[in-house]
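Hello,

Here is the structure I promised you. Please have a look, and then read on for what turned up in it.

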Amino acid sequence: MSKMYLEAVESKLSEGNYQKLNAITNPKVQQFIAESAELCSPDKIFICSDSSEDIAYVRQQVVSSSEEKPLAITGHTYHFDGMQDQGRDREVTKYLVPKDDSLSKTLKQIEREEGLAEVEGLLKGAMQWRTMIVRFLSLGPTNSVFSIPCVQCTDSWYVAHSEDLLYRPAYDMFTQKAEQSELFCILHSAGKMNDDMVSVETDKKRIYIDYTKDTIYSVNTQYAGNTVGLKKLALRLTIRKADKEGWLAEHMLLMGVHGPNGRKTYLAGAFPSACGKTSTAMLPGETIVGDDIAYFRNIDGQAKAVNAEAGIFGIIQNVNPTDDPAIHKVLTTPGEVIFSNILVKDGSPYWLGMDCALPKEGVNFSGNWQDGKTDNKGNKIPPAHKNARYAVDIGVLENVDSELNNPNGVELSGIMYGGRDAKSYVPVQQSFSWEHGITAYGAALETETTFATIGKEGVPEINLMSIQDFVSISLGKYVQNNLEFGRKLKKAPLVFGVNYFLRDKEGRFLNGVRDKHAWIKWMELRIHNNAGALKSPTGLIPKYDDLRELFSQVLSKEYSKEDYVKQFTIRIPENLSKLDRVEKFHKENVPGAPNIIFEVFNKQRARLLEAQKKFGDYVSPEKLEVVK
Ligand code: SPV
Ligand code: MN
């Protein structure tokens, strides 16, 4: 390490930490650590080298600092975020945009100099009396063309501990390679905390992304989606890097689907937060590679994919032993788990939708809680937050896929897109082509807002490919990159649209929670040409007999023709108005939207109108033409 930077921080380092820092060779990292320490004035600096002693130290500190408290089961701890800090905060997450640059107007932004001054002002002296923890991690498997080295400075032991479970350790990557110009830097401070170690100045919460320097600043927040920089904050930087380098970074699950005769087929899936992504990745009998962020590269004409992460920060609401046996087991047996924003009573965690009655009192994110407690606006405080989560290392799951850490990735054969769409799309369909799928399912993804972001729930919106919040280049270019990616492959993955949230006129869901398993198995059969389909105006849909067999095999469930017809009836008026909304969105908000998007929409409209003429507003699947 350069002498100048070492000297600047020497007084804050013990001998051991001095040696660990001295072994880091990259000048950008040295500068980032020294400048972060100068800005935030920590008492001490802890350099986490990934040795078992260092990891044990993080685990010990997180408890002795009270940022996490132990539960009765060995290895389980819980953490609370503040009342105003229970999800990703879109309003205060902004790009720092230099005066001579511009970003899509759908993206929250602030002029770079102004934003930097503001966030540096908030970070100034923020770590006084605390330790700055420095972690070295990799996005993507290490020693791989996919790896992106990241360094995070934080004063939160909870953040450092979460990263331990969620990402691949990479201290060695930083000591072995002299030249790593391309890396991401993240600086976080929880800011002022109360006696319960909860950030209190949430009105001063800021999450700013400086894409000119691949650096992220986060302050006055603890919720992991705002602070664990490698998650959605780094995803924004990764999208720019992938754009420059010709690959894709996606908000997608990645799973191995197990078909007949032991064959395994990899599928990726994009769903907005809290729309079934983790539960799809975790379907019993299949294997999970990742549940949130996937990278795709064209390697010798094949689509190869990896999980950027190595753990799960999953929604705990509704996790139960029947629908989610693998994760339920991890959450109820000894091993390392961080629970956040659940209800605690007598050393046990409780969450909404679990398989037992919840206690009438306990401790939760509002402090001591009893049934009926209200917040300062008079609203009832639930026992646990809807966005309560668990963090675990993916490797502890019994259904983890064998290729999780394969540096070459897995071969991707299918992609699915799904949102909360009460009215229009059928539960599963296959696109007519790569372009049709990327456009009509991905770029046209409509959904309702959920509790995973702060703000009103249930508001319909377009969430392009479920990644709109994180797209840091023009939305048009992002869609274009997706289209190009598939075109350059020897064989593009098949594209599917799914909708787990279709409702009838009375507002009742038309599908059970586990029905998605039959859709996934159908996709697997389609990929291998083992199932036929019917041609609807919006895509190729399953034949009743195939689904009946899959429901019986996979779910041991009788699937009635009546249910099938209800679920797969093409609703023409609803689909036409969906198209109008989506087209308007693209015209207004997607500068540089490739023309092909509008061509695909026009063709879809023409097919819908033709079907309407022939069959009326609601077209039963029984009327549709069979294709192979
Ligand atoms: C999501 O909300 O999409 C998540 C959790 O995966 S986080 O982004 O970390 O808030
Ligand atoms: Mn996510």
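In this predicted model, an N or O atom in the side chain of His251 is 3.3 Å from an oxygen atom of ligand 1, a polar contact (a pair of N or O atoms within 3.5 Å). Tyr223 also brings a polar side-chain atom to 2.9 Å from a ligand 1 oxygen, and Asp292 does so at 3.1 Å. The protein buries 97% of the 280 Å² that ligand 1 exposes when taken alone (Shrake-Rupley method, 1.4 Å probe).

His251 and Asp292 also serve the manganese ion (ligand 2): together with Lys232 they are its protein donors, through NE2, OD and NZ respectively, at 2.1 to 2.3 Å. Donors here are N, O and S atoms within 2.8 Å of the metal (3.2 Å for Na, K and Ca), and water is not among the atoms, so the site may look incomplete. The spacing of the donor residues in sequence is K-x18-H-x40-D. His251, in the loop between β12 (248-250) and β13 (252-258), and Asp292, in the loop between β15 (287-290) and β16 (294-299), are 41 residues apart and link distant parts of the chain (strands are DSSP E runs of at least two residues).

Two notes on conventions. Residues are numbered from 1 along each chain as its sequence is written, with chains lettered from A and ligands numbered from 1 in the order written. Local features need pLDDT of at least 70, side-chain atom pairs count only at pLDDT 80 or more, totals for chains, interfaces and linings use all residues, and side-chain values use heavy atoms, leaving out hydrogens and water.

Best wishes

Conventions
A polar contact is a pair of N or O atoms within 3.5 Å; within protein, one must be able to donate a hydrogen and the other to accept it, and residues adjacent in sequence count only if both atoms are side-chain atoms. Helices (H or I, at least four residues) and strands (E, at least two) are DSSP runs, numbered from the N terminus.
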